[in-house]
Each structure stands twice: as C-alpha cells, then as structure tokens.
Amino acid sequence: MEFLKKIEENYLSKDPNINWGSVSSPFKTWPSIFDVEEWNKQPNLKMKRLSMWISLSKELEKLQIKNLVDIGTSSGQFVLCCLFKGIEAYGIDPSEPYLFSNSKDFIESGYDPKNYLYLGDVETFIDVFNHKIDCVSLLNFFHGQGWKGKDLSFLKCINDKIKYLVISYPLDLTARQYLEKNYEIIYEYKQELEVETTFILKRI
C-alpha cells in the first residue's frame, strides 16, 4: 500500500527515548477490546472509551474515510476499530510499552501490529505527511502536561494535509477559535456527565 510505504520510507523511528514533550500518566494497559467483562469492571473510564472508539469509527465509515493516522494512539484500539470498518488506519505513539501492549487483538483479527503501529514523534509526523490524507485523530492528545500554548501551532501545521480531524475538547481557547474558523462540525460525541466532547470536523 502506497500510504504505508511512505510511512515506512520516511517516518519510522525506533528511538525508545522519543516523547511528546509532555508528562504522560503512569503506564497502564487497556484490556482486549473483545473482553467485555474486563471493560465492564471499570465502566466510568474504560467502557466509555471503548464506546467512543466504536461510535467514531462507525461515523468515519459513513463519511467514506479512506485512511487515518491516530496520533498518540496508545495501544492502538481505535486504529483496530477503524480497520474493522475498512479504513486504512495507522497509529503513532512514542511509548513502545503502550504501543504493543495489545498486539494480541491485532494478531487475532488478522493484522500484523508492526504494519499499523509505529514509534514516532510530532515533528517527524509533520515532516512526513507532505501529501494529503483523509483524517487525523487526536483523542485526548492535547490534555497532557506541557501542551499549553503548543496545540494551535500543531493544528496549523497539519491543516493543509488533512480533510477531516477527530479531536477531543477542551482545548486552549485560541486553538478552539482556530478550529471554529477552519472546520465545520460533522459529528459530536459526548457521554452523559462527561466534561470532554469529541468531534469529527471537516476542513472548510
């Protein structure tokens, strides 16, 4: 696949010290997306996250999204949900322990995780994608420490490379204003009592 070839030739970084320039939460793994019993043990966090991934992937399928890059993918469950919908999806994360902690799900579904999950950082991503892709997803990406004031510059860098953006709010005020000016809301996902809202946006 040409899209994958471009990533492999220009992007892949195996540096285990890569980070986003922010402090991540302590390492934890997500359960298998097929293990409903395990997800239900912590419904306030885990089940809501799985529900979000499934809902978003369904909407992206309706939009006929052909390819997607999930930045800060953790262990790639959203990538897998998109693959199930026929979307050519890839995940990028700087943490190898996170990235391959759920490889079994990929393998059992007939996907080699090494073909879809890659180590890397933001700067390299910006350098590589000099061709347009359908969609970038940033789920909880800007909520970590160290991102204040940086989210707007990153959004500007990727703006002309994508058609759709999946992104979680809240964001910095200037970043929200930028999105409102340059994108239209296609789909809104929010669960009851949640502060965070996730949108699928289309570039104007």
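Two strands pair if DSSP finds at least two bridges between them. Helices (H or I, at least four residues) and strands (E, at least two) are DSSP runs, numbered from the N terminus.

The model is predicted: local features need pLDDT of at least 70, side-chain atom pairs count only at pLDDT 80 or more, and totals for chains, interfaces and linings use all residues. Residues are numbered from 1 along each chain as its sequence is written, and side-chain values use heavy atoms, with hydrogens and water left out.

**Exercise 1. Describe the pairing and the burial of strand β7.**

Step 1. Take the partner β5. β5 and β7 run antiparallel and are joined by 6 bridges. In this pair, Ile 167 stands opposite Phe 199 of β7.

Step 2. Take the partner β6. The pairing of β6 with β7 is also antiparallel, over 6 bridges. Here Tyr 183 is opposite Arg 203 in β7.

Step 3. Check burial. Buried means under 20% relative accessible area, exposed over 50%, and partly exposed in between (1.4 Å probe, protein chains only). Of the 7 residues of β7 (residues 197–203), 5 are buried, so this strand is largely enclosed by the rest of the structure.

**Exercise 2. Find which elements build the largest nonpolar core, and trace the contacts of Leu 60.**

Step 1. Apply the definition. A nonpolar core is a set of buried Ala, Val, Leu, Ile, Met, Phe, Trp, Tyr and Cys residues joined through side-chain atoms within 4.5 Å. The largest one has 29 residues, and Leu 56, Leu 60, Leu 68 and Phe 78 have the most contacts inside it.

Step 2. Assign its residues to elements. At least two residues of this core come from each of α3 (43–62), α4 (77–84), β2 (88–93), β3 (117–119), β5 (162–169) and β6 (183–189). Helix α4 gives the largest share, 6 residues.

Step 3. List the contacts (heavy atoms within 4.5 Å). Beyond its neighbours within four places in sequence, Leu 60 touches Ile 65, Leu 68, Phe 78, Cys 82, Ile 87, Cys 135, Val 166 and Ile 200.

Step 4. Look for another core. A second, separate core has 20 residues, among them Val 69, Ile 133, Ile 162 and Ile 167.

**Exercise 3. Determine how the buried residues of helix α9 are arranged around its axis.**

Step 1. Identify them. In α9 (residues 173–182), the buried residues are Ala 175, Tyr 178 and Leu 179.

Step 2. Measure the arc, taken from the directions from the helix axis to the C-beta atoms. The buried residues of α9 fall within an arc of 95 degrees, so they line one face of the helix.

Step 3. Compare the general rule. An α-helix has 3.6 residues a turn, so residues three or four places apart point the same way.

Step 4. Assign the surroundings. The buried residues of α9 pack against α8 (151–159), β5, β6 and β7, while the face turned away from the buried side carries the exposed Glu 180 and Lys 181.

**Exercise 4. Is Gln 64 buried or exposed, and is Ser 74 buried or exposed?**

Step 1. Place Gln 64. This residue lies in the loop between α3 and β1 (67–71), and its phi is near 60 degrees, a positive value in a residue other than glycine. Its relative accessible area of 65% makes Gln 64 exposed.

Step 2. Place Ser 74. The loop between β1 and α4 holds Ser 74, which has a positive phi of about 60 degrees although it is not a glycine. Ser 74 is buried, with a relative accessible area of 14%.
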